[in-house]
Amino acid sequence: MIQVLRTPAEFKAWRKNQKGSVGFVPTMGALHSGHEELMKNARRENDVVVLSIFVNPTQFNDPKDFEKYPLTWDQDLKTAVNNKVDAIFYPRYPDMYPDEYRYKVSENSYSKLLDGAHRPGHFDGVLSVVMKLFNIVSPDKAYFGEKDFQQLSLIKGMVDAFFMHVQIVPVATVRESDGLAKSSRNLLLTKEHREMAPLIYKTITTAKSAEEAAKVLSTNGFEVDYVTDIDGRRFVAARLGAVRLIDNVQI
Ligand code: AMP
């Protein structure tokens, strides 16, 4: 039987009785096949698999984005069962932030670029919640998608900087058949915008430069936050209406 544990104390009590290696998949729910790929990797490589679902308010710089973030608990529970997850940690805000966010983890260099430049405080929120989750879950391995490559790099950096006992395992981006990176936010796209969205991946993989890719996207109706090449990788964030999409590819 899958366990659903709602407080850190409840989770830790359960965790004490687990034997063998623990693989951990942190998410904000609205699970799709990208998240499932993380769960499958965790299932293959560990004795015990823990999924967390927590829409973390501190990483949302835009309160409207937080309010409309999709919640699909019933479906998520089925997805977790289908992927043989052992326990879901599904906490509430006050239990995760007993300090009311007086304490935070920040990085002062790479987190200021790309998404960090457009979403002030975003990565402080991400690193802080991931640190909390790691301390509660005590995983041996934790799985993160390359879809959020900057996040993945910053989490690896945090684990090294603080000598944390967890191995970070990267998982390749899962895409729709038309190339669009799977994302919980895709559910919020209008029909018209959903049809336009695959141009992001197509453009960043084919354009000769970041500048050219940005131009193609903006002439085709996207509000481009950035297209930037760093260390052999091309990163993009672009908005269609109120929905902000990100992607990245190796170049
Ligand atoms: P989220 O629920 O969006 O915070 O994502 C939870 C985890 O799933 C993060 O490590 C993401 O990078 C990963 N993830 C989200 N979308 C994808 C995708 N399309 N392919 C692979 N991993 C993904």
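This report walks through the domains, nonpolar cores and one pocket of a predicted model.

## Two domains

Let's start with the overall layout. The chain splits into domain 1, covering 3–171, and domain 2, covering 184–246. Going by C-alpha atoms, their centres sit 26 Å apart. The two do meet: 20 residues of domain 1 are in contact with 14 residues of domain 2.

## The largest nonpolar core

The largest nonpolar core holds 41 residues, and Phe134 and Ile168 are the ones that touch the most other members. Quite a list of elements chips in with at least two residues each: the helices α1 (8–16), α7 (122–137) and α8 (149–161), plus the strands β2 (22–27), β3 (48–53), β4 (87–89), β5 (141–145) and β8 (233–240). The top contributor is α7, with ten residues. Both domains have a share in this core, as domain 1 and domain 2 each put in at least three residues.

Now for a closer look at Ile168. Leaving aside residues up to four places away in sequence, Ile168 touches Phe134, Ala142, Phe144, Leu152, Ile155, Lys156 and Val159.

## A separate core

Apart from the largest core there's another one, made of 17 residues. Its members include Ala197, Ala207, Val227 and Val249.

## The second largest pocket

As for open space, the second largest pocket takes up about 290 Å³. It has 18 lining residues, and those closest to the pocket's centre are Ile53, Phe54, Val55, Leu71 and Tyr90. By type, the lining breaks down into 14 nonpolar residues, two polar and two charged.

Conventions. Residues numbered from 1 in each chain as written. Predicted model: local features only at pLDDT ≥ 70, side-chain atom pairs only at ≥ 80, totals over all residues. Heavy atoms only, no water. 1 Å grid on protein atoms, 1.4 Å probe; cavity = no way out; pocket = protein on both sides within 12 Å on 5 of 7 lines; lining within 4 Å. Points joined across faces, edges and corners; volume = space filled by probe spheres on them. Nonpolar A, V, L, I, M, F, W, Y, C, P; charged D, E, K, R; others polar. Core = buried A, V, L, I, M, F, W, Y, C linked by side-chain atoms within 4.5 Å. Buried < 20%, exposed > 50% of the residue type's maximum accessible area, 1.4 Å probe, protein only. Helix = DSSP H or I, 4+ residues; strand = E, 2+ residues; numbered from the N terminus. Domains from an automatic or database assignment. Contact = heavy atoms within 4.5 Å.
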